[in-house]
Protein chains: 2
Amino acid sequence: MKYIKKSLENRTPYYSKMIEDGIILNANESAFKTPKKIMDLIKAELDNVDLRRYPDTDNLYIRSRIAKSYNIDITNVTCGVGSDQLLDCIFRSLIEDEYILACNPTFSMYKEYASYTNGKFIDIDFLDGFIYDVKTIKESIKKYNPKLIIVCSPNNPTGSIMERSDLEEIIKLTNGVVLLDEAYSEFDKSNYDLAIKYDNVIVLKTFSKAYALAGIRLGYAISSVDLIDTLNVVKPPYNLSTISQIAAGIAIENKDLYKDQIAEIVKLKDELYNDLLKLGLKPTKSYSNFIFLKFSDKVYENLLKNKIYIRKLMYNNEFWYRINTGTKEENKVLIEKIKEAL
Amino acid sequence: MKYIKKSLENRTPYYSKMIEDGIILNANESAFKTPKKIMDLIKAELDNVDLRRYPDTDNLYIRSRIAKSYNIDITNVTCGVGSDQLLDCIFRSLIEDEYILACNPTFSMYKEYASYTNGKFIDIDFLDGFIYDVKTIKESIKKYNPKLIIVCSPNNPTGSIMERSDLEEIIKLTNGVVLLDEAYSEFDKSNYDLAIKYDNVIVLKTFSKAYALAGIRLGYAISSVDLIDTLNVVKPPYNLSTISQIAAGIAIENKDLYKDQIAEIVKLKDELYNDLLKLGLKPTKSYSNFIFLKFSDKVYENLLKNKIYIRKLMYNNEFWYRINTGTKEENKVLIEKIKEAL
């Protein structure tokens, strides 16, 4: 690339083939579609919207509905194009060249967005069974004084959670900010209230997983007014389309419509876990809608051949796989095709 | 803000009151709503979409339709959350600490996004009547060798255009990249083909103005494959919602539906220009859907009092105003209320 700036000259553009056909279990999306009632309400609302106008730059429509749903103040909420944009805002606004503490393996985009800063990562390994190593995390906080501590809970890709009491100890111990990424917390439980109780916590949440709305690209942060202001310094104006705000607003106002669907996803994931155990595999205990495990390349190849798409990840120089639960029927085919190649 | 990084500590978050009531002429939006046929097609397409899925990260749906509309290759197109996100990508991928040449006054977001780099602006004044000073631009290119030259044509907020022959001379003269911002070119004419003819030109376009779709937040860049790749290095994955892609795709496939509407907007803007002249004011000749002029604060206050919203800008230590054309009825009220306070 002739004109790219020097510090980026070793990078390549990211392109990715869109998969539309087959059993898609590679993006931790919902096993079920957006409820029809939600889609009908979105369509109906389009009659009332004047798309010629710019959206409200402060995203009041969706922020007020999120705030109401949690019974918190609107000034404790900001929204982004997926939680990705908020991650970018967090690194852009907080990090110059300080330490960032995160566990390994975790969501790969943390390092991607941090790469535009001079932040230095401290990677903490998990204990056996991908249990958070809270003791080492606390020692590292004392040793390195990180500006940012990232806890993804439930963690992508392992499904691990950090206990509330551990979270709270870390929050009190650090002089920096704790980012608690709760993209998957609807499948377990949320500790969002810690972001209101303490002034140094940012909780990230999304409509892409349990709300079955990855297509609208809307995530949100709950935090102290001071940290929300900090994120809003670098948040681009008019970042959210009017329609995405409407869709998310309708979803959160009607969150009861998701209750059975979410319970069913958790049940399907537990059944999938048990079926994998029965095959003699060692799936990781997961508090989310996906499972992390290791098997031979032959299994992966057989799944691909049968158009079953799962996520291949490199961890400790080995290939591991992350599979989100599909429907009962999809999981049945998945298990068959894994078995076939074991 | 307790945790904000040092280099940003003097910044403040940007909040802005949403205006929903009155005559809104301050954001260069379309005087007319999105055509009903377009809205109906968008709604119908929602029946076919699975919003639980992430959008295609490569935005093939909308890029292919844009490419087809211009009869260019899809690899010459990339898309962003408004052209704003592409501006951010341009500065992020091209600029370290080099010179950036732009004219003054122009779109304020150039400096905003550039502020996250160490780029240094060279501001070139316009000639009388806000005519592009091509001679000085060329001399400055030779003198400073800027990495980026920004030409907004028609220019926001003046409405000025740069002649094609001048553009082409600048493109050939520079060793850097020419950013030709054509957000308003549907109201005049486009020189997008220069971005295909030369390898150092990025043309930015948007659905927010003539297409009456500011609410979907979708802009696009036409450029050489090499520069599109460069922008895609820093473009966040999954940046565009599925619905915004669908809406823009439907709009560009049905662009004939906008023909009369755009012609009417140009006519209304010309009539507004003449009416302002008749009042003894000196509006700037504009090739866009808005007009730039100076009048007393008293006029502005009277408009505000009557809920007529226009854009107030500081230029050369004086207040100037940018007014986009409204409908015939809105312009009539506007002229009355200006007259009242002259």
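User: What makes S9(A) and strand S12 of chain A a pair, and how do they run?

Analyst: Happy to start there, with the reminder that this is a predicted model. Four bridges join S9(A) to S12(A), residues 318-324, and strands pair when at least two bridges are found between them. S9(A) and S12(A) therefore count as paired, and they run antiparallel. As one example of the bridging, Leu293(A) has Tyr321(A) as its partner in S12(A).

User: How do you know that both faces of S9(A) are covered?

Analyst: Look at which residues are buried on each side of the strand, residues 290-293. Phe290(A) and Phe292(A) lie on one side, Ile291(A) and Leu293(A) on the other, and all of them are buried. The general background is that side chains in a regular strand alternate between the two faces of the sheet.

User: Why are H3(B) and H8(B) called roughly perpendicular?

Analyst: Helix H3 (residues 82-94) and helix H8 (residues 225-234) of chain B pack at an angle of about 95°, and their axes are 8 Å apart. The range for roughly perpendicular is 65 to 115 degrees, so the two helices earn that description.

User: Which residues make that contact between H3(B) and H8(B)?

Analyst: From H3(B) come Leu86(B), Cys89(B), Ile90(B), Arg92(B) and Ser93(B), and they meet Thr230(B), Leu231(B), Val233(B) and Val234(B) of H8(B). By type, the residues of this contact are six nonpolar, two polar and one charged.

User: Why is Asp50(B) called partly exposed?

Analyst: Good one to check by counting! Asp50(B), in the loop between H1 and helix H2 (60-70) of chain B, has 15 other C-beta atoms within 10 Å. Buried needs 20 or more and exposed needs 12 or fewer, so Asp50(B) is partly exposed.

User: What makes the two copies related as by a two-fold rotation axis?

Analyst: A turn of 180° with a shift of 0.0 Å along the axis lays chain B on chain A with an RMSD of 0.0 Å. The copies are thus related as by a two-fold rotation axis. In chain B, Lys43(B) has the C-alpha nearest that axis, 3.1 Å from it.

User: How do you know that the copies meet through the same surface?

Analyst: Of the interface residues of chain B, 100% are also interface residues in chain A, so the surface is the same. The contact takes 64 residues from chain B and 65 residues from chain A. On the side of chain B, the elements giving two or more residues are helix H1 (36-45), H3, H8 and helix H9 (242-253). That side divides into 30 nonpolar, 16 polar and 18 charged residues.

Conventions: Residues numbered from 1 in each chain as written. Chains lettered and ligands numbered in written order. Predicted model: local features only at pLDDT ≥ 70, side-chain atom pairs only at ≥ 80, totals over all residues. Axes fitted to C-alpha atoms, helices over the stretch in contact; angles between N-to-C directions. Parallel < 35°, antiparallel > 145°, perpendicular 65-115°, else oblique. Contact = placed C-beta atoms within 7 Å. Nonpolar A, V, L, I, M, F, W, Y, C, P; charged D, E, K, R; others polar. Least-squares fit on C-alpha atoms with pLDDT ≥ 70 in both.
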